[in-house]
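Me: I have a fold open on my screen and would like to understand the words people use for it. Could you take me through them?

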Amino acid sequence: MEIYNYVITGLVTKDLIIVDSFTKECFGGSVTYGSIQIKELGAEPFLVSYIGEKDYLDYVSLLDQYKIKYFLAKYEGNTLTFKNIYKNNIRTQNVYNYKFLPKISLEFPFGGKCLHLGPILNELDFSKIAEIRRKFNFIAIDLQGMYRKAFKNKINKQNWAKFKDFSKYFDIIKSSIEELYNVVNIERFLYEIMELKCIFILTLGEKGSLLMIKDELYFIPSFKPNRVVDPTGAGDVYLATFLYFNCLLNYEATESALYASCASSFVVEEFGYYGIVGENDILNRFREQNLSTKMIDFNKAKELINDYLIQKGSI
């Protein structure tokens, strides 16, 4: 059986990013941001994905440019496309070409150290999750794509009914608060996660993130970027960087989360994946800003979440 240090899977997207009067089109999805970030850090990612047949050669060219190894299959028609419109730090999403998307089976003929699951629109088939669990030391998932559904070109939220059934197979779970809000009871969800004894990351945008390690909670501050151009992909970069330091290099989870927060402060400085940087840039900003984690209690975590949602106008 072939072995890889880091495997990432999920659908490739085409992203139309609109920030104020600026528009940029580029490839996206967790697989794009995650694999490029891992490569820039000096490791060797292996990407498993699907893309619309019309964009296959262009995406292969991108992967070849970064010297990323891949298994990439084509499906008929156009690539799943997101229009991300940012205004006053609020994102509105439209989605296109989503009606005939393939499911990605986790029945991989290979294994390795870390499997990064990056679903975009409920495209992962978890029927073989027990088998793949035995092939990887760590499995991490970003929940965003499992809590989404598309209707009339809009992204709506939905509960992932099977989460409890599959959650025992995950070592690291990540979500943004926006993906969970109004879908689950946040307080009850956090208690359920705590019972799993896994690592859980909840990102709060520019306000930082929360890191749960079994029954311990930590606040992870956000690092200040030089400018904010495009927030797309910041969460993908965060998780990929965390996995690099925690799973591949065996750093402590708190330290890995700080590096992840620092890495995500770079990608927002440019459109798409063009802001992704390597380890030297991350370490330099890490030392310059000299931020640290802080252990907090459950009430403080709820307070931080509520403050963020109020600021965003969600509650």
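Me: What makes the 10 strands an open sheet with edge strands?
Reply: In this predicted model, the order is β5-β4-β1-β9-β11-β14-β15-β16-β17-β18, with mixed pairing. β5 (69-75) and β18 (294-296) each pair on one side only, and they are the edge strands. Neighbouring strands are turned by 20 degrees against each other on average, direction ignored.

Me: How do you know that helix α2 packs on the sheet?
Reply: Contact means heavy atoms within 4.5 Å, and helix α2 (residues 56-66) touches β4 (45-52) and β5. The direction of α2 makes about 170 degrees with that of β5.

Me: Why are β16 and β17 called a pair?
Reply: Pairing needs at least two bridges, and 5 bridges join β16 (residues 209-213) to β17 (residues 216-220), so they qualify. These strands run antiparallel, and L211 has Y218 as its bridge partner in β17.

Me: Do β2 and β3 pass that test too, and by how many bridges?
Reply: Two strands need at least two bridges; β2 (residues 13-19) and β3 (residues 22-28) have 7, so they pair, running antiparallel. L16 is matched with E25 in β3. Their hairpin has 2 residues between the strands, and D20 takes a positive phi near 55 degrees.

Me: What makes up the largest nonpolar core?
Reply: This core has 62 residues, and Y59, I172, L211, F242 and L243 have the most contacts inside it. Its largest share, 11 residues, comes from helix α7 (residues 234-248). Apart from it lies another core of 59 residues, among them Y75, L204, L210 and L309.

Terms used:
Residues numbered from 1 in each chain as written. Predicted model: local features only at pLDDT ≥ 70, side-chain atom pairs only at ≥ 80, totals over all residues. Heavy atoms only, no water. Helix = DSSP H or I, 4+ residues; strand = E, 2+ residues; numbered from the N terminus. Axes fitted to C-alpha atoms, helices over the stretch in contact; angles between N-to-C directions. Core = buried A, V, L, I, M, F, W, Y, C linked by side-chain atoms within 4.5 Å. Buried < 20%, exposed > 50% of the residue type's maximum accessible area, 1.4 Å probe, protein only.
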